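This briefing sets out selected features of one protein model for the bench biochemist. The topics are salt bridges, cysteines and helices.

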Amino acid sequence: MMQKFMAEFFGTFVLVFGGCGSAVLAAAFPELGIGFVGVAIAFGLTVLTMAYAVGHISGGHFNPAVSIGLWVGGRFEARLLLPYIIAQLVGGLAAGAVLYAIASGKAGFDVMGGGFASNGYGAHSPGNYSLLACALIEVVLTAVFLIVIHGATDKRAPAGFAPLAIGLALTLIHLISIPVTNTSVNPARSTAVALFQGSWAIDQLWLFWVMPIVGAILGGLIYRFLLQAKA
């Protein structure tokens, strides 16, 4: 059991450090040329590589919304739900702390002014999208993500390709929604950087817990009752 929790800790650590790190450390330099596309690819690669590395141990959730959505979809045990979420949060916060320590090593680093890859709405949305628009995109894209996860791991799906499909789906999700919310679909990822940003990101963090969980529940229900093969 401890191996499962450590796998979730490590996978979430890499997701936050790799994805948010690409935004904080690399995308801040236009001459490197990674931009939104590079950050989107970085998030997808973290899930892809960690799903292959430790997914066989824990299932490779790395996201409280995914764990909840898989539970709703009948793919995950309720007794493991809280321990998984705790492991994911601790892994994300550990990555946030390491990323903060590294980013602070650059002269002029401003965690509040720069946002520290935090998710936001309204004035703190990268494209100044409204609360309603940000809430809607987080619900829809998290639901889509859970449908992809359920489908890619279905017994009828080609074996061995689930991490590839899930990683590419997360890349697509980021390509769509970075301009809107900076892309959450993952409460652990949002919490990991919001607590270090320390101001508006904490005030807006509720949205990036509530909406991904709502979307995950919808995605789990849609696959379970509309798409899953009946016994």
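A residue is called buried when its relative accessible area is under 20%, exposed when that area is over 50%, and partly exposed in between. By that rule Arg75, at 31% relative accessibility, counts as partly exposed. The model is predicted. The count of salt bridges in it comes to 3, and the search of the whole structure for disulfides finds 0.

**Salt bridges**

- Arg75 forms a salt bridge with Asp154, and the closest N and O atoms of the pair are 3.8 Å apart.
- This pair links distant parts of the chain, with the two positions 79 residues apart in numbering. Arg75 lies in the loop between helix H3 (64-72) and helix H4 (81-103), whereas Asp154 lies in the loop between helix H6 (131-152) and helix H7 (162-181).
- Asp154 has a relative accessibility of 12%, and therefore counts as buried.
- A salt bridge also joins the side chains of Asp154 and Arg156, with an N to O distance of 3.2 Å. Arg156 has a relative accessible area of 54%, so this residue is exposed.
- Which residues are linked with Asp154 in a network of salt bridges? They are Arg75 and Arg156.
- Within that network, Asp154 is buried, Arg75 is partly exposed and Arg156 is exposed.
- Glu77 and Arg79 meet through their side chains in a salt bridge, at 2.8 Å from N to O. Glu77 is partly exposed, with a relative accessible area of 41%, whereas Arg79 is exposed, with a value of 54%.

**Cysteines**

- Cys20 takes part in no disulfide, and the nearest cysteine sulfur, which belongs to Cys134, is 17 Å away.
- Why does the sulfur of Cys134 form no bond with the closest cysteine sulfur? The closest one is in Cys20, and the separation of 17 Å is too far for a bond; a disulfide calls for sulfur atoms within 2.5 Å.
- Is Cys20 buried or exposed? Cys20 is buried, because its relative accessibility is 1%.
- Cys134 is likewise counted as buried, at 0% relative accessibility.

**Packing of helices H1 and H2**

- Two packed helices are described by the angle between their axes and by the distance between those axes.
- Helix H1 covers residues 2-26 and helix H2 covers residues 35-58; they pack at an angle of about 170 degrees, with their axes 8 Å apart.
- H1 is therefore roughly antiparallel to H2, since angles over 145 degrees are classed in this way.
- By class, the residues in the contact of H1 with H2 are 13 nonpolar, 7 polar and 2 charged.

**Helix H8 and its ends**

- Helix H8 spans residues 187-197 and is mostly covered, with 9 of its 11 residues buried.
- The buried residues of H8 include Pro187, Arg189, Thr191, Val193 and Gln197. Also among them are Ala188, Ser190, Ala192 and Ala194.
- At the start of H8, Asn186 places a side-chain oxygen within 3.0 Å of the backbone nitrogen of Ala188.
- Gly198, just after H8, adopts a positive phi of about 80 degrees.

Technical notes: Residues are numbered from 1 along each chain as its sequence is written. This is a predicted model: local features need pLDDT of at least 70, side-chain atom pairs count only at pLDDT 80 or more; totals for chains, interfaces and linings use all residues. Side-chain values use heavy atoms; hydrogens and water are left out. Axes are lines fitted to C-alpha atoms, for helices over the stretch in contact, and angles run from 0 to 180 degrees between N-to-C directions. Helices (H or I, at least four residues) and strands (E, at least two) are DSSP runs, numbered from the N terminus. Angles under 35 degrees count as roughly parallel, over 145 as roughly antiparallel, 65 to 115 as roughly perpendicular and the rest as oblique. Ala, Val, Leu, Ile, Met, Phe, Trp, Tyr, Cys and Pro count as nonpolar, Asp, Glu, Lys and Arg as charged, and the others, Gly among them, as polar. Buried means under 20% relative accessible area, exposed over 50%, partly exposed in between (1.4 Å probe, protein chains only). A polar contact is a pair of N or O atoms within 3.5 Å; within protein, one must be able to donate a hydrogen and the other to accept it, and residues adjacent in sequence count only if both atoms are side-chain atoms. A salt bridge is a side-chain nitrogen of Lys or Arg within 4 Å of a carboxyl oxygen of Asp or Glu.
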